[in-house]
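Student: I have a structure to study. Can we go through the sheet first and then the empty spaces?

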Amino acid sequence: MQIHAMLKLLMFMRLFSVATSFAPYNWNQYTRQFITTLATSTSKESGASELKSEPRSGFARQLLNFALASPLWEYVLVPQARASIVKTAEENGIPWMKSKKWLESQADAPWNDPNKDIDLNDYQFPKYYTKSFHAYSEGNLGYDAAFEQELASRAIGARNFPKFKDRGEDVFRGAFEKALVDLGARVASGGGHDIVIVDFGCGTGTSTRRLAAQYSQATSLIGIDLSPYFIEVGQILLKLAPNAIRDGGVEGWITNVVPDSRIQLRQGNIENTRLPSNSASVVNIGLVLHELPLYAAKEVILEAYRILQPGGQLWISEMDFESPAYKAQRDNAMLFSLLRATEPYLDEYADGMPELRDFIVSVFCGHVEKNGDGQGFLKIAAATGRHYVLIAQKGDANEFHGENEFVQDLRFLEDGRYALEDTHLKPWESKEVLP
């Protein structure tokens with residue numbers, strides 16, 4: 001669910017690429033000049049101190065609003081952006097077209113059975129979830145988004161970390177996994193019961209499968225997502241267990257999918273999972289919270305706390321708008337307007353980061369449980385130069401942490417610098433401009 005924040009920027013740039021193809025100078029130069037000019041003009045008109053996420057007035061805002069509201073969005077920008085992402089994938093050894101065709105053509109898949117059409121009237125979705133997401137007009141409620149989620153993840157990983165090509169996504173996800181382990185992530189024993197890891201907002205199951213590979217001691221791994229389309233695709237991938245397409249092959253997926261009977265992918269609302277209280281050893285929330293309004297994010301935190309057993313841990317991996325890298329992007333009104341256009345709640349997430357963090361502290365560390373459990377703790381650390389990981393542990397009567405250990409924020413060094421350097425390729429850069 002989390003990998004398309006730059007998609008609208010690519011779309012907007014592709015439009016201007018077409019419109020200015022006759023220009024006698026390099027497109028990358030034009031793009032940087034164009035964005036800089038608009039951001040500067042906006043700053044002069046509205047005051048730099050007011051800039052957060054969108055141009056407040058003037059030519060920049062008028063131009064942006066015109067582009068987003070016009071038919072160019074659906075008929076020019078979306079196709080151009082998708083073509084650009086597919087090209088990026090193929091150039092980096094990610095067989096987008098072959099993999100998608102292979103998945104779509106599976107004869108036994110429910111999307112090829114006319115008697116198994118998904119009827120959205122059979123489901124209840126929060127109003128916020130029915131909006132357009134990630135440049136798909138139907139948002140996450142369609143097969144096209146489900147087919148392309150893992151494809152786009154690989155492509156964006158290759159684009160952000162060009163040094164690693166088709167392994168860029170693995171490097172990105174691996175950074176979170178390492179940061180969590182370094183911060184003290186552990187899977188509670190279960191006290192003689194099943195060891196259950198619950199993956200909130202699992203999409204088609206990429207994160208759930210990675211958790212299964214990493215934690216062999218888990219008895220059960222439950223991935224939950226609101227989209228029945230994403231869940232169907234994820235279930236089919238687990239059932240077929242395809243190998244990655246290699247060396248010019250014509251069948252298979254973009255990665256190896258290992259069958260694992262411990263994994264269950266379920267359609268459901270992570271605000272109300274209907275799982276038993278005190279039943280989960282771990283709740284994982286990976287790059288999901290920025291796609292929720294703040295009130296919904298708080299409900300998700302409360303639900304995670306409810307289902308965690310005493311001593312169980314909440315793991316969060318997310319964008320950090322308090323990092324210098326994301327803060328700089330957000331201070332550039334024009335750039336951030338484009339970056340966040342396909343993420344309808346990104347502004348609310350960015351503004352609400354301190355409030356949400358304080359809420360998590362209050363839930364996990366603010367009181368002693370009525371049943372006698374001890375007080376929990378929270379730790380947060382940098383995972384990349386613009387992302388963080390957070391561990392919040394539910395109180396356990398067998399553990400007690402000193403008062404100063406309840407909350408630890410390790411994202412910044414003593415001199416105020418962010419703990420990790422930002423190594424992402426910038427949205428306006430291309431591989432050619434890197435040293």
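Student: In what sense do S5 and strand S7 (residues 387-393) pair?

Tutor: Strands of a sheet pair through backbone hydrogen bonds, either parallel or antiparallel. Two strands pair here if DSSP finds at least two bridges between them. S5 and S7 have seven bridges, and the sense is antiparallel.

Student: What kind of model is this, and how are residues numbered?

Tutor: The model is predicted: local features need pLDDT of at least 70, side-chain atom pairs count only at pLDDT 80 or more, and totals for chains, interfaces and linings use all residues. Side-chain values use heavy atoms, with hydrogens and water left out, and residues are numbered along each chain as its sequence is written, from 1.

Student: Which residue in S7 is the bridge partner of isoleucine 316?

Tutor: Strands (E, at least two residues) and helices (H or I, at least four) are DSSP runs, numbered from the N terminus. S5 covers 308-319. Look across to S7: the bridge partner of isoleucine 316 is leucine 390.

Student: In what sense do S4 and S5 pair, and what stands opposite glycine 286?

Tutor: S4 covers 280-286. S4 and S5 share six bridges in the parallel sense. Opposite glycine 286, in S5, is serine 317.

Student: What is the order of the strands in the open sheet, and which are its edge strands?

Tutor: The open sheet has eight strands and mixed pairing. Its order is S3-S2-S1-S4-S5-S7-S6-S8. An edge strand pairs on one side only; here these are strand S3 (263-267) and strand S8 (407-409).

Student: Which strands does helix H13 (residues 346-365) touch?

Tutor: Contact means heavy atoms within 4.5 Å. H13 packs on the sheet, and its direction makes about 160 degrees with that of S5. Axes are lines fitted to C-alpha atoms, for helices over the stretch in contact, and angles run from 0 to 180 degrees between N-to-C directions. The strands touched by H13 are S5, strand S6 (377-384), S7 and S8.

Student: How many residues of S5 are buried?

Tutor: Buried means under 20% relative accessible area, exposed over 50%, and partly exposed in between (1.4 Å probe, protein chains only). In the whole chain of 435 residues, 57% count as buried. S5 is mostly covered, and of its 12 residues the buried number 11.

Student: Is leucine 287 buried or exposed?

Tutor: Leucine 287 lies in the loop between S4 and helix H10 (294-307). Its phi is positive, about 55 degrees, although leucine 287 is not a glycine. Because its relative accessibility is 8%, leucine 287 counts as buried.

Student: What is the volume of the second largest cavity?

Tutor: On a 1 Å grid over the protein atoms alone, a cavity is a set of points where a 1.4 Å probe fits but cannot get out. Grid points are joined across faces, edges and corners, and a volume is the space filled by probe spheres set on the points. The search finds seven cavities of 30 Å³ or more. The second largest has a volume of about 320 Å³.

Student: Which of its lining residues are closest to the centre of this second largest cavity?

Tutor: Lining residues have an atom within 4 Å of a point. There are 26 of them for this cavity. H8 gives the most, with five residues. The closest to the centre are Arg173, Ser207, Asn284, Gly286 and Ser317.

Key:
1 Å grid on protein atoms, 1.4 Å probe; cavity = no way out; pocket = protein on both sides within 12 Å on 5 of 7 lines; lining within 4 Å.
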